[in-house]
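Q: Please take a close look at a single part of this model, the loop ahead of the second helix, and then work outward to its surroundings. I would like one connected account.

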Amino acid sequence: MPLSNSTTAANGNEREQVLPLLDKVKLKTLKRGRPRKRVRVLAADKGYDSKQQRASLRKRGIRPQIPKRVWKTKKTYW
């Protein structure tokens, strides 16, 4: 179930849109009072992996659950 959504250009950088998208989130709970605005865990794919992104999420109190990108190197045999 999507908590929030936004539409961006196809050639834009998706990593820059994560934090503004998280600002739009309002979680419904069965409790009275102001709705929670922060998720506890953010699960994303490898495309969102960066040290800066992880640090900014941790600073907000959100645990990033993003797999690390693996750079495969070609071995050359001379």
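A: What follows describes that loop in this predicted model, then the pocket, the core and the chain segments around them.

Start with the loop between strand 1 (41–43) and helix 2 (51–59), where serine 50 is found. Aspartate 49 lies in that loop as well, between strand 1 and helix 2. Serine 50 has a relative accessible area of 17%, and because buried means under 20%, serine 50 counts as buried. The relative accessible area of aspartate 49 is 10%, so aspartate 49 is buried too.

Each of these residues has a polar partner. The side chain of serine 50 comes to 3.1 Å from the backbone nitrogen of glutamine 53. For aspartate 49 the partner is arginine 54, and the two side chains are joined by a polar contact of 3.0 Å. Setting aside neighbours within four places in sequence, aspartate 49 is in contact with Arg15, Arg54, Ile66, Pro67, Lys68 and Arg69.

Next comes the largest pocket, which holds about 390 Å³ of space. Its lining consists of 21 residues, and those closest to the centre are Glu14, Gln17, Val18, Leu21 and Tyr48. At least two lining residues come from each of helix 1 (18–23), strand 1 and helix 2. Sorted by class, the lining contains 14 nonpolar, 5 polar and 2 charged residues.

Glutamine 17, one of the residues closest to the pocket centre, sits in the segment before helix 1. Glutamine 17 has a relative accessible area of 33%, so it is classed as partly exposed. Between glutamine 17 and glutamine 53 there are 11 Å from C-alpha to C-alpha, the two being 36 residues apart along the chain. Glutamine 53 is the residue whose backbone nitrogen the serine 50 side chain reaches.

Val18 is another residue closest to the pocket centre, and Val18 also belongs to the largest nonpolar core. That core has 9 residues in all: Val18, Leu22, Val25, Leu27, Val39, Leu42, Leu57, Ile62 and Ile66. In soluble globular proteins, nonpolar side chains tend to be buried together. Within this core, leucine 42 touches Val18, Leu22, Leu57, Ile62 and Ile66, and leucine 42 also touches Arg63, Pro64 and Gln65, with residues up to four places away in sequence not counted. Ile66 links back to the loop, being in contact with aspartate 49.

Two residues in other segments give a contrast to the buried loop positions. Proline 2 is placed in the segment before helix 1, and its relative accessibility of 69% makes proline 2 exposed. From proline 2 to arginine 54 the C-alpha separation is 21 Å, with their positions 52 residues apart in sequence. Arginine 54 is the polar partner of aspartate 49. Lysine 72 lies in the segment after strand 2 (63–65) and is exposed as well, at 79% relative accessibility. Lysine 72 is 28 Å from arginine 58, C-alpha to C-alpha, although the two are 14 residues apart in sequence.

Terms used
Residues numbered from 1 in each chain as written. Predicted model: local features only at pLDDT ≥ 70, side-chain atom pairs only at ≥ 80, totals over all residues. Heavy atoms only, no water. Helix = DSSP H or I, 4+ residues; strand = E, 2+ residues; numbered from the N terminus. Buried < 20%, exposed > 50% of the residue type's maximum accessible area, 1.4 Å probe, protein only. Polar contact = N/O pair within 3.5 Å; in protein donor to acceptor, adjacent residues only side chain to side chain. 1 Å grid on protein atoms, 1.4 Å probe; cavity = no way out; pocket = protein on both sides within 12 Å on 5 of 7 lines; lining within 4 Å. Points joined across faces, edges and corners; volume = space filled by probe spheres on them. Nonpolar A, V, L, I, M, F, W, Y, C, P; charged D, E, K, R; others polar. Core = buried A, V, L, I, M, F, W, Y, C linked by side-chain atoms within 4.5 Å. Contact = heavy atoms within 4.5 Å.
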